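Colleague: Please take a close look at the empty space in this model, both the open pocket and the enclosed cavities. I would like to know what lines each of them.

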Amino acid sequence: MKPPIKPTIGLLMLSVLLLSPITGRAAPETGNLSLWYDEPADIWEAALPIGNGRLGAMVFGGVAEERLQFNEDTIWQGKPREYHRPDAHEALPSIRTLLFEGKQKEAEQLATDRFMSNPLTQMPYQAFGDLLINLPEIDAAKVKNYRRSLDLENAVARVSYSVDGVRYVREAFVSHPDNALVVRVSADKPGKITIAATLKSAHQESSLKKVAEDELSMSGGVSDGAIRFEARLKARSSGGELRTTDEGVKISGADSVVLILSGASGFENYRDVSGDPRQKNDAVLALLAKKNYAALRAAHTSDYRGLFDRVKLDLGGADAALQPTDERIETFSETGDPHLVTLLFQYGRYLLISSSRSGGQPANLQGIWNDKNNPPWGSKYTVNINIEMNYWPAELTALPECHGALFDALKEVAESGAKTARAHYDADGWVLHHNFDLWRGTAPINKSNHGIWLTGGAWFCEHLWDHYLYGGDKEFLRTTAYPLMKGAAEFFVDTLVEDPGGKGLISGPSNSPENGGLVMGPTMDHQIIRSLFGNVIAASAVLETDEAFREKLENLRGRIAPNQIGQHG
């Protein structure tokens, strides 16, 4: 039986759209580009995602208790290390010979024994914790006109409802310019806000501590790893009484409350985890000390809309405020609702903006949103299609800046990949197999029948070339794209071999992704390598450099085995 589909941010889009329940109606108060629902989320997949690239949260929208499950993009298991096996290349000729002789199982066993990553698996991305907001004076049985929504135009999650004639509103967003999660709880009558807020860690090694009259700290570390972390919760109230203990923050009789969450780890880069998360949080909160909620929200929406507002799509259809999103999906086959297609399109752009910003880690298998310490596929970077899918909208939908985190990671992957190229193939250049993690593992992982796939780095180079084609930035091409693309091509210059049957140059050992089985010369490899060589040839011509290397690639490109109709037609 085939494994389930990997949970990319595209699937998160669909899960949030589909899984939220339906009840009665509230008065429309949502924008035309909003997801909205009539009940709180009862499972994680139905909560609403917010993020700034580095910090993310899932907003459940509970009445008596609000849960915001949050993440930070460097909370991973493991530690700085190298994954390549220094003597792996010694087995390479024998693996190829066995495959040419049709002895696939023997080749896979030899590769398992002598060619795979050390250790055999990479490390998982992990959850950080929960921000829990208890509202003890709210009787859920008396709630009327409940609405939970995600405003895609302003990147704000909102919960509103009425109890005993009082209208309560919660707003939540994660600000990129201010580097923090912000939650505001308010009511339309004075003195009606009484809450208790605390932090809950996703890790056993953690502790809560009052660090100021209005601040709570949650610090600790991941198990079986080097990452140390701290989350800091700062509370502000308008009116009422505020008190902080080692258990949490309590505010009673306030007109409104603003909670600010900062989170950080000791991660500096994939080789260095010596940073001080507390100092990082101190720095963030110090910059926010004089900013009120209006200023925080304005900075957030200005930054976000600077990206989001570049693309408008109008396919017609009903106003989004008239029906809950899940009900529109249920009736889509009958209504054809073109506006729902617009909503899905813009939701995809929203998720990319919210999970990939320069200076942070790239969007992983689940973007940035993850509530498990052992998530499916480790929530890593699976590069035999999944992470490419995350980033296909970047240039197409006017979000080139969102590519920045991926390009920064590729520079590090190329450093690690150069060591893997030498150790496993005795080759120049750099290689990335089908996965990498926070520690930039590039060697083949898991099992030889699918883990040995040579063209992950080469496929990522398409994103570099696309970024140049869309933006025309020659300096980017010269300093970033071309060196990475050239290094990826140099690897294949050294590793392509002649097919004994005279078909031309082929790659291998490798596999056809999602089909599995170690082989020589899978068609997908050749398509990617052909494209890579073509892009490097074009880039070198634009930059008027490396003429001899360009001619070599032109020669090799013409000799790569051509596409053929396969055994299944």
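Modeller: What follows goes through the pocket, then the cavities, then one buried residue.

The model is predicted, and its confidence should be stated before any lining is discussed. The protein chain averages a pLDDT of 94, and 94% of the residues score at least 70. An exception is the stretch of residues 20–28, where the pLDDT is below 50. Beyond near neighbours in sequence, residues 20–28 have 29 contacts in the model.

The largest pocket holds about 660 Å³ of space. Its lining consists of 24 residues, and those closest to the centre of the pocket are Lys503, Met520, Gly521, Thr523 and Gln564. Two helices, H2 (92–100) and H15 (523–543), each contribute at least two residues to this lining. Sorted by class, the lining of the largest pocket comprises eleven polar, ten nonpolar and three charged residues.

As for enclosed space, the whole structure contains four cavities of 30 Å³ or more. The largest cavity has a volume of about 60 Å³. Around the largest cavity stand Gly51, Asn52, Ala155, Val174, His176, His300, Asp303, Tyr304, Ile353, Ser354 and Arg357. Helix H5 (293–308) and helix H8 (338–355) are the elements that give two or more residues to this lining. The largest share, three residues, comes from H5. Five of the lining residues of the largest cavity are polar, four are nonpolar and two are charged.

The second largest cavity, at about 40 Å³, has a lining made up of Val59, Glu66, Ala157, Val159, Arg170, Glu171, Ala172 and Val183. Here the contributing elements include strands: E7 (156–163) and E8 (166–175) each supply at least two residues. E8 gives the most to the lining of the second largest cavity, with three residues. By class, five residues of this lining are nonpolar and three are charged, with no polar residue.

One further residue can be described on its own. Threonine 397 sits in the loop that runs between helix H10 (393–396) and helix H11 (404–425). Threonine 397 counts as buried because its relative accessibility is 8%, and the cut-off for buried is under 20%. Apart from neighbours within four places in sequence, threonine 397 makes contact with Val311, Phe345 and Arg349.

How values were computed
Residues are numbered from 1 along each chain as its sequence is written. This is a predicted model: local features need pLDDT of at least 70, side-chain atom pairs count only at pLDDT 80 or more; totals for chains, interfaces and linings use all residues. Side-chain values use heavy atoms; hydrogens and water are left out. On a 1 Å grid over the protein atoms alone, a cavity is a set of points where a 1.4 Å probe fits but cannot get out, and a pocket is an open set with protein on both sides within 12 Å along at least five of seven lines; lining residues have an atom within 4 Å of a point. Grid points are joined across faces, edges and corners, and a volume is the space filled by probe spheres set on the points. Helices (H or I, at least four residues) and strands (E, at least two) are DSSP runs, numbered from the N terminus. Ala, Val, Leu, Ile, Met, Phe, Trp, Tyr, Cys and Pro count as nonpolar, Asp, Glu, Lys and Arg as charged, and the others, Gly among them, as polar. Buried means under 20% relative accessible area, exposed over 50%, partly exposed in between (1.4 Å probe, protein chains only). Contact means heavy atoms within 4.5 Å. pLDDT is the predictor's confidence in each residue, from 0 to 100.
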